[in-house]
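Q: Please take a close look at chain A of this model, and then at what lies beyond it. I am new to the structure and would welcome a connected account.

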Amino acid sequence: MSRMHIRRVDLTVPVVVAGVVTTLASFWTGIDDVPHLGRGDLVYLSVFLVAIALGETARLTILTGRETAPMSTAAALGLSLSAVRGPGDAPMGAAVIVSTICLGMVAGTLFLRVVNGSVRWADTAARIVGAAVAPVIYRHATFDGRTLLSWQDSWDDQRWFVGVVMLLVGSVAMLVDLTLEAAVRAGRDHAPLVPAVLDEIRSAAGLATALVASGALIALAELAIGVAALPLFLFPLVLTYFAVQRYATIRMTYRQTIGALSSLTELAGYTGTHHAQRVTDTSVAVGRDMGMGQRELTDLEYAALLHDLGQIALREPIPHGATVMAAPADQQRIAHDGAEIVRSTGVLDNVATILEAQTTPYRQVREFGQDLPMASRIIKVANAYDDLIGPEGTRDDRAMERIHLGLGYEYDPRVVDSLSRVLERRRRAAPSAPG
Amino acid sequence: MSTDNPGRPTRARRSDGATVLYVAFAVAVAVALAAAGVLTSGQPRSWLAVAVLSGLGIASWMLRGANVGERVTLSFVSIILLAAAVIGGPVGAAVVGGLATVVQVDPEKLIVRIFNIALFSSMGSLGGLVYLWVGGLDEASTMTSAGRILLGVGLPLIVTDIAQCMLNALLLAGVLRVATGSPIRTQVYRLLSTTGLAYIGYGVIGFLFVVLWIPARVGWFSAVLVLAPLFVARWAFVQYGDEFRAHESTLRALVTAVETKEPHNAGHSERVAQLSAWLVESLGLGHKEIQDVRTAGMLHDVGKLGVPTRLLRARRELTDDDLVTIADHALAGVQMVQDIDFLSGSVDGIAHHHERFDGLGYPAGLAGEQIPFSARVVAVADVFDGLTTSRAYRPALTVSEALDVMNQRAGTQFDPLVVEALGRALARHEWTPTVRSDEELVAAGVAIDHDEPETSDLLASRPDLRRRVMGAPERTMESLPVVPAGEGLT
């Protein structure tokens, strides 16, 4: 249990503090350089500043529900890796660069705050810290007595090698960024930390590759065509942005259609109001708590929404739609009919498999070694809980008591433990709720 | 469809002789252009560059198959050919174009492969020649400033891009002309209008490629950097396409779910959707309206899921209460789909498909133009399909009989304009009355169907019933199962 607690720290506050410290520290060290900047330098920096701020307003919600701003991150990376010269023809220092990035990101986020009303500052803080990593490594840290930026001149005849180094530095920065953002998200969702970070990296790998490559593109092209590289070489990334955005939109539409399918039983009078939605909320919370990945969570969510779909084939509704009260054979028929309807789409086979097994008791796993999807076990527990607490949600203790009676026989003990944690958190979040 | 997908000749109808001749002509063009390239510029500057570009070309050509969703194509081959025209010169680009299409994943006819090799090698040669002809720069030493690069590389590349795009369209249109007999001008127009915009994008990316390769001296590694974001974009488009199709199938499941309750009525939704679409077409409206009305027709009875099964297969005359319960389905359907954003254009059609033009319909009692357009269309399609379907109490009406019934009711139950459109649509499209089997008729019960004109007239003559239906929103909420608090565990 104590290990679980260590894995579940909420890192939101530390990440926000790190973001603020990064911003202030870069301003503090960079302020000395500002009076020495020439007009050309200022124009150069402001072009990047504007691009970063604009990029920050073009947000993209990816699979894990995280918001990213691809153009902003890529422009920041390009600036970090660029060979721009500062006062006295020395390479521009990391402090000025980080200050520019921070200013741009904060300005963009503020703009969104004014227009949209709400933004998550913790995510922006995580991105600022991630973006600050690249210039510090590339322009400040020394390897063999020289910074990577000055090594770049000695590798002038092997620009491909410069490109590789840039990709490496960009990847490190991206990893820091993703880890911090996953940590913030895990804290928000009460999910274990390590699986959340791994899932984030897996889901974001494609987009992150495009971002890092674009950063290196901008920095390398800048050697040939100067600041014009920024708008030109963001173009492939803009294409990527639109493609990913379309994907995100159709996913949302899909989720709505599943929601409509889910409300069918409710509107037809077979199940109680919002039963499917409550079971889904509980199931997803339990799934997160158990460290499920995003793809599994999506399947779990769809299956939970549709878990009572089989009832529409019944001639007469069962009392209150509470399947936990129905005879096991009926339960299985409902599960089977639902799975058949879902399978008829031809595209939701995973969900159909989960639905099919949602009534199978846990002892099948223990005694016969049957392979029962974790999602099915979760839905079984969440459904029983929602049916047992009664219509007013007042029978919480008795529901848990009844579920505990079936522990190990009907229900998977790990799922029930996780449900207890989820319910405990709910009680703490709303102390006045009935229960 | 993408321009680099001339797999069509395999499906040629009046093929062989003419096609072989035409392909021979294409090969001759390719050879002539290659010879012109050799005469103009000799060998490419770097065979390594040509080898790398050819490798990329082969990889892209093998990847091209996947469908990435409607109206989206990403042809990496075109980008690479454009870059090769500058980096490899006319001869290098011809080699890249020819090699890229040599390897095929799916076994295609030899003649198709030869045509593709000729097509892409010609595009390469022509690109290289045009680029040199308009004075494009090709050496790092001459590309000294951003301005020079934009003018000396960017502008010539635009011309090259246009030339390659035109050559592609012309040669492809030619082969389609020979194989299928469709006129060259329409083919060229179609190819240019579907891929013209994409070629602008290829132009920009080709330019980036060249800038990175030559003046920024990154060389072959630029391929990795430029193509990485594009591969991710392509991946996302493919995902989008998959998800789009998955969504379509799931939506169909929504309709199937309704029909599980009324197996005897299977196909009604589909037919109403089709007829509604024809009506909108006859009324001369656009793509978006057709789609919205079609979806409304498809889902117009989705609310029947809330109607008890015993009423849908009634073995006796329906009582007043039953009629009111069944009439609920219009608003219940709205409740089901209102949370789906992309169906917002169809909600009106679902809600008001039982309104009457004279204002005596339900659920809102709207009259004339007050009734949303889509609802007036779906109403006509719905009743017409009902009339031409056999019932337990009468055989199916023929098309002309049903049309007579509809015409009599134009102005009272239906919008006269839509009924007029119905006449035109039926003159243009085939409509077969639906005759149901005896078992289906038995399953359907004996009660008069809610879609029959008689039911509509009955409700029109009974203001008391209509008032009860109009109070439906609250009633629908209350009719959800009321769960006694004391029940549960004992």
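A: Among the elements of chain A, helix α4 (residues 70-81) has the highest mean pLDDT, 93, and helix α1 (residues 2-7) the lowest, 47. Here pLDDT is the predictor's confidence in each residue, from 0 to 100, while helices (H or I, at least four residues) and strands (E, at least two) are DSSP runs numbered from the N terminus. Over residues 1-6 of chain A the pLDDT is below 50, and this stretch has zero contacts in the model beyond near neighbours in sequence. Two residues are in contact if their C-beta atoms, placed from the backbone, lie within 7 Å. For chain A the mean pLDDT is 85, with 93% of its residues at 70 or more.

This is a predicted model, in which local features need pLDDT of at least 70 and side-chain atom pairs count only at pLDDT 80 or more, whereas totals for chains, interfaces and linings use all residues. Residues are numbered from 1 along each chain as its sequence is written, and chains are lettered from A and ligands numbered from 1 in the order in which they are written.

Chain A contains 19 helices and four strands. Its C-alpha atoms fill a box of roughly 85 × 45 × 45 Å along the principal axes. Of the 435 residues in chain A, 50% are buried. A residue is buried if 20 or more other C-beta atoms lie within 10 Å of its own, exposed if 12 or fewer, and partly exposed in between, with C-beta atoms placed from the backbone. Among the contacts in chain A with a separation of 6 or more, 72% join residues 24 or more positions apart.

Chain A is divided into domain 1 (2-233) and domain 2 (251-427); such bounds come from an automatic or database domain assignment. The centres of these two domains of chain A, taken over C-alpha atoms, are separated by 42 Å. Nine residues of domain 1 of chain A are in contact with six residues of domain 2 of chain A. On the domain 1 side of this contact, helix α9 (residues 193-225) of chain A gives the most, with three residues. By class, that side has four nonpolar, three polar and two charged residues. Ala, Val, Leu, Ile, Met, Phe, Trp, Tyr, Cys and Pro count as nonpolar, Asp, Glu, Lys and Arg as charged, and the others, Gly among them, as polar.

One residue to examine is A:I128, which is placed in helix α6 (residues 121-140) of chain A. A:I128 counts as buried because it has 27 C-beta neighbours inside 10 Å. Leaving aside neighbours within four places in sequence, A:I128 is in contact with A:G19, A:T22, A:T23, A:C102 and A:M105. From A:I128 to A:A382 the C-alpha distance is 39 Å, across 254 residues of sequence.

Helix α17 (residues 374-388) of chain A has 15 residues, which at 1.5 Å a residue should span 21 Å; its end C-alpha atoms are 21 Å apart, in agreement. The expected span of a helix is 1.5 Å times one less than its number of residues. Of the 15 residues in α17(A), 14 are buried. Just after α17(A), A:G390 takes a positive phi of about 85°. Helix α17 of chain A is also one of the elements against which the buried residues of α15(A) pack, together with α13 (294-305) and α14 (328-343) of chain A. In α15 (residues 349-356) of chain A, the buried residues are A:V351, A:A352, A:I354, A:L355 and A:E356.

Beyond chain A lies its partner. Chain B has 56 residues in contact with 62 residues of chain A. The elements giving two or more residues to this side of chain B are α6 (146-180), α7 (184-213), α8 (221-261) and α13 (329-337) of chain B. Among these, α8(B) gives the most, with 26 residues. The side of chain B that touches chain A divides into 40 nonpolar, 11 polar and five charged residues.

The largest nonpolar core has 272 residues, and those with the most contacts inside it are A:A221, B:V210, B:V211, B:L212, B:L279 and B:V380. A nonpolar core is a set of buried Ala, Val, Leu, Ile, Met, Phe, Trp, Tyr and Cys residues joined through C-beta atoms within 7 Å. To this core α8(B) gives the most, with 18 residues.
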